[in-house]
Amino acid sequence: SAASGKENKPSSSRSRRDKDDTTNPDINIASIGNYAFQKTVGEGNFAKVKLAKHKLTGVEVAVKVIDKTTLDEKKLAKLYREVRIMKLLHHPHIVKLYEVIETKSTVFLVMEYASGGELYDYLVVHGKMKEKEARAKFRQILSAVSYCHKKRVIHRDLKAENLLLDSNLDIKIADFGFSNYYDPDSKLDTFCGSPPYAAPELFQGRRYTGPEVDIWSLGVILYVLTTGCLPFDGKNLQEMRESVCRGKYRIPFYLSDSCEKLLRKFLIRDPYKRAGLEMLIDDPWINEGYDHSPISTDVSQRVDEDDAIIALMERKYKIDRESIIKGLRENVYDETTAIYYLLYYE
Ligand SMILES: CC1(C)C(=O)N([C@H]2C=Cc3c(O)cccc32)c2nc(Nc3ccccc3)ncc21
């Protein structure tokens, strides 16, 4: 691929690729496949996310445009792992993948657009949530994360910035760029995530199984939802590390006892003593006002074959029934299944 063809000039001499240097012709196009780009929603160092509209159904989507020519082999492998994991996850509170379009130089991930933006920005604007609202959001997050863990997937970068909101202000977990599979009987050692949300064992360079690092981050998220502040902070990484490893955080006077007790279950420094998600199923704070646990046992959120939608696609888009059903059963992410998904979830 282009990545291996590039000689490794020392970074200082490599000229920064300026905006309109389109050595990659796909980066500044106006449309791809059935999608017309509208505006840029976010820009990372390897990807740009554009708001787009599906030309046939009019549904708004978010397209993550990844320039492969800027990725080395390792990063390319990470990208394909992220795509494989996204194809595995079908949950109401995880951003959906609709279609994957790949050219020689670019990968386009057509995904669900969360029009409400980041939970982080929502908290900046509205301040801390009342415990009732925090509970509703936290139950959605817990449901999505326990679904991932049951599929042997860990997110590893859970934070308020990656928790998006849709038009109903429901949670949509985004950015599985650091996610990975885990094996309950083996250890991982990659330090991932954002320092304020990172578990102490990660700062101490200890290997970990997987779920326990997400559970620590969930504790930090619960604290952020109910207080509007970070439990551990510092003006630099060293101070942050000391704060997290000391594990001391302030409990504001207005926090209920049941919420304080729940925080203590998550923010335990010893990963072996930290609560597992299944231990939280009947936690009083999580279930107050609800008659069922957010941690659902069934992990099959697969789309079913809706005859009305298939009939509409046959009539309106002249797509034959067999190819739609085949695509759904084989977990394909092409333009046909994308039309089905967009109509099904709308
Ligand atoms: C494809 C996908 C999943 C994605 O990669 N992003 C990016 C882009 C911006 C961003 C961020 O600010 C935080 C997390 C993820 C992201 C998305 N952003 C949105 N909505 C949005 C709307 C207003 C502001 C921020 C995000 N919907 C879906 C996505």
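## Exercises on a predicted model

Glutamate 112 and lysine 96 form a salt bridge in which the closest N and O atoms are 3.8 Å apart, a salt bridge being a side-chain nitrogen of Lys or Arg within 4 Å of a carboxyl oxygen of Asp or Glu. The structure is a predicted model, in which local features need pLDDT of at least 70 and side-chain atom pairs count only at pLDDT 80 or more, whereas totals for chains, interfaces and linings use all residues. Residues are numbered from 1 along each chain as its sequence is written, and side-chain values use heavy atoms, with hydrogens and water left out.

**Exercise 1. Place the pair glutamate 112 and lysine 96 in the chain, and state which network of salt bridges includes them.**

Step 1. The pair links distant parts of the chain, with glutamate 112 in strand β6 and lysine 96 in the loop between α2 (73–88) and β5, 16 residues apart; helices (H or I, at least four residues) and strands (E, at least two) are DSSP runs, numbered from the N terminus.

Step 2. Both glutamate 112 and lysine 96 are buried, where buried means under 20% relative accessible area, exposed over 50%, and partly exposed in between (1.4 Å probe, protein chains only).

Step 3. Lys96, Glu112 and Lys172 are linked in a network of salt bridges, and a search of the whole structure finds 17 salt bridges.

**Exercise 2. Describe the surroundings of aspartate 214, and state which side chain of opposite charge is nearest.**

Step 1. Aspartate 214 lies in helix α6, and it is buried yet has no salt bridge.

Step 2. The nearest side chain of opposite charge is that of arginine 156, 7.1 Å away, given that Lys and Arg count as positive and Asp and Glu as negative, while His and the chain ends are not counted.

Step 3. The backbone nitrogen of arginine 156, by contrast, lies 2.9 Å from a polar atom of the side chain of aspartate 214.

Step 4. Setting aside residues up to four places away in sequence, aspartate 214 touches Val145, His149, Ile154, His155, Arg156 and Leu158, contact meaning heavy atoms within 4.5 Å.

**Exercise 3. Identify the helix that gives the most to the largest nonpolar core.**

Step 1. The largest nonpolar core has 102 residues, of which Leu119, Ile141, Ile173, Leu218, Leu225 and Phe266 touch the most other members; such a core is a set of buried Ala, Val, Leu, Ile, Met, Phe, Trp, Tyr and Cys residues joined through side-chain atoms within 4.5 Å.

Step 2. Helix α6 (residues 211–227) gives the most to this core, with 10 residues.

Step 3. Beyond its neighbours within four places in sequence, leucine 225 is in contact with residues including Leu119, Leu123, Phe138 and Ile141.

**Exercise 4. Determine which residues of helix α11 are buried and which are exposed.**

Step 1. In α11 (residues 321–329), the buried residues include Ile324, Ile325, Gly327 and Leu328. They lie on the same side of α11 because they cover an arc of only 160° around the axis, the arc being that of the directions from the helix axis to the C-beta atoms.

Step 2. Glu322 and Arg329 are exposed on the other side of α11.

Step 3. Among the elements that cover the buried residues of α11 are α10 (307–317) and α12 (335–345).

Step 4. Asparagine 331, which follows α11, has a positive phi near 55°; asparagine 331 is partly exposed, with a relative accessible area of 26%.

Key:
A polar contact is a pair of N or O atoms within 3.5 Å; within protein, one must be able to donate a hydrogen and the other to accept it, and residues adjacent in sequence count only if both atoms are side-chain atoms.
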